[in-house]
Structure formats: structure tokens, C-alpha cells
Amino acid sequence: ERQRLVTRYFPSALGVDDFMARVEMALSGFGFTGENSIAITNLCRDEVTMVLKDKIEAVFGSCFNTNGLGGVLTCGLTGLGAGQHHSPISNGKEHYVYFAFPHISIDASGEIGAITRPGRPNKSNACGALCKCLKEFVAEGYGANCKV
């Protein structure tokens, strides 16, 4: 049932195990392995993203976390630069694999963005922080929220 609901909105969606198997196979053709590479992950801090993070770490070992919002890298050049000094050096090369994803939930009834968390009486949002950010952006406008 869950697969049917997800593919209703995202027809080409893959399960996390299938996705990671494909990533591992594709990158191995370019010489990337768990022994010579490090993953840099840009996932929300939400606990629901830990399943993906755990699967990434099962392939690439401990990863460097930048913890973004909505798949957007928010750590800046300094944060990204810090992560780019963590890869093993293999034959004089460093190998980095970047994962940047937003997360969204689809509950058992097919409602997009709703999630029921263990021990909580009501549904909440995934991603609540992104929903709040969007609400403020819409209310306050581009000029108040985007500084260059």
C-alpha cells in the first residue's frame, strides 16, 4: 500500500535499498568504494532522515554531515570546505560522494507532508521547518528574506 501511495505522486520513486544498490554499482564503475570515499550528506536534521543516512553509512562509512534544509546546502563555503578535507587519499586522489535531499512524508491515507510520529497524539509536518520557512517567505516577500 505504501509503495502505491508514493508512486502515485512520484512514479519513478525507488526504495532506499534499491537506490543505494544502484548508487554503489554506478559509482564503483568510476573507482568509488566505501574504502576510498567519504559521503557528504545534506539531509534535514529530522529523525525520519536517519534511515537514509544509515544506509549511506552502510556503504561509505561515517559521513560528513552538512545538515541542510529542503535539500539546499546551508553550511556555506566554510562548511563545505571543511568536509572536503575528510576523504581517504587513495593513489593520490580524494573521492567524495555528495547526497543532498529534501524529505517529505506521505501518510497511510495518502496525505502529503503529514507524518505520525511515535508517542505523539497528532500528525505533524515533514518538513516542519521548511513549511515554516515557506510560510514566512510568502508572507514577508522575497526582499525581506533574500539578502545578497
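**Exercise 1. Find out how confident the prediction is, and where confidence is lowest and highest.**

Start with the chain average: the mean pLDDT (the predictor's confidence in each residue, from 0 to 100) is 88, and 99% of the residues reach 70 or more. Next, go element by element, with helices (H or I, at least four residues) and strands (E, at least two) taken as DSSP runs numbered from the N terminus. Helix α6 (residues 142-145) comes out lowest at a mean of 78, while helix α2 (residues 16-28) is highest at 96.

Two bits of housekeeping. Since this is a predicted model, local features need pLDDT of at least 70 and side-chain atom pairs count only at pLDDT 80 or more, while totals for chains, interfaces and linings use all residues. Residues are numbered from 1 along each chain as its sequence is written, and side-chain values use heavy atoms, with hydrogens and water left out.

**Exercise 2. Lay out the fold.**

Count first: there are six helices and six strands. Then read the order from the N terminus: α-α-β-α-β-α-β-β-β-β-α-α. For overall dimensions, the C-alpha atoms fill a box of roughly 50 × 45 × 30 Å along the principal axes. Finally, take contacts (heavy atoms within 4.5 Å) with a separation of 6 or more: 60% of them link residues 24 or more positions apart.

**Exercise 3. Describe the largest nonpolar core.**

Begin with burial: 29% of the 148 residues count as buried, where buried means under 20% relative accessible area, exposed over 50% and partly exposed in between (1.4 Å probe, protein chains only). A nonpolar core is a set of buried Ala, Val, Leu, Ile, Met, Phe, Trp, Tyr and Cys residues joined through side-chain atoms within 4.5 Å. The largest one has twelve residues, including Met-20, Ala-39, Ile-56 and Phe-99. Elements giving two or more residues to this core are α2, α3 and β4 (93-100), and α3 gives the most, with four.

Now zoom in on Ile-56. Setting aside neighbours within four places in sequence, Ile-56 touches Met-20, Ala-39, Thr-41, Gly-61 and Phe-99.

**Exercise 4. Work out why Thr-41 counts as buried, and what surrounds it.**

Locate Thr-41 in strand β1 (residues 37-42). Thr-41 counts as buried because its relative accessibility is 1%. Beyond four places in sequence, its contacts are Ile-56, Cys-63, Phe-64, Asn-65, Thr-66, Asn-67 and Phe-99.

**Exercise 5. Hunt for unusual backbone geometry.**

Keep the baseline in mind: most residues other than glycine have a negative phi, and most peptide bonds are trans.

- Asn-67 has a positive phi of about 45°. Asn-67 sits in the loop between β2 (64-65) and α4, and counts as partly exposed because its relative accessibility is 23%.
- Asn-91 also has a positive phi, about 55°. Asn-91 belongs to the loop between β3 (89-90) and β4, and is exposed, with a relative accessible area of 79%.
- Ala-126 and Cys-127 are joined by a cis peptide bond, with omega about 15°. Cys-127 falls in the loop between β6 (123-125) and α5 (128-140).
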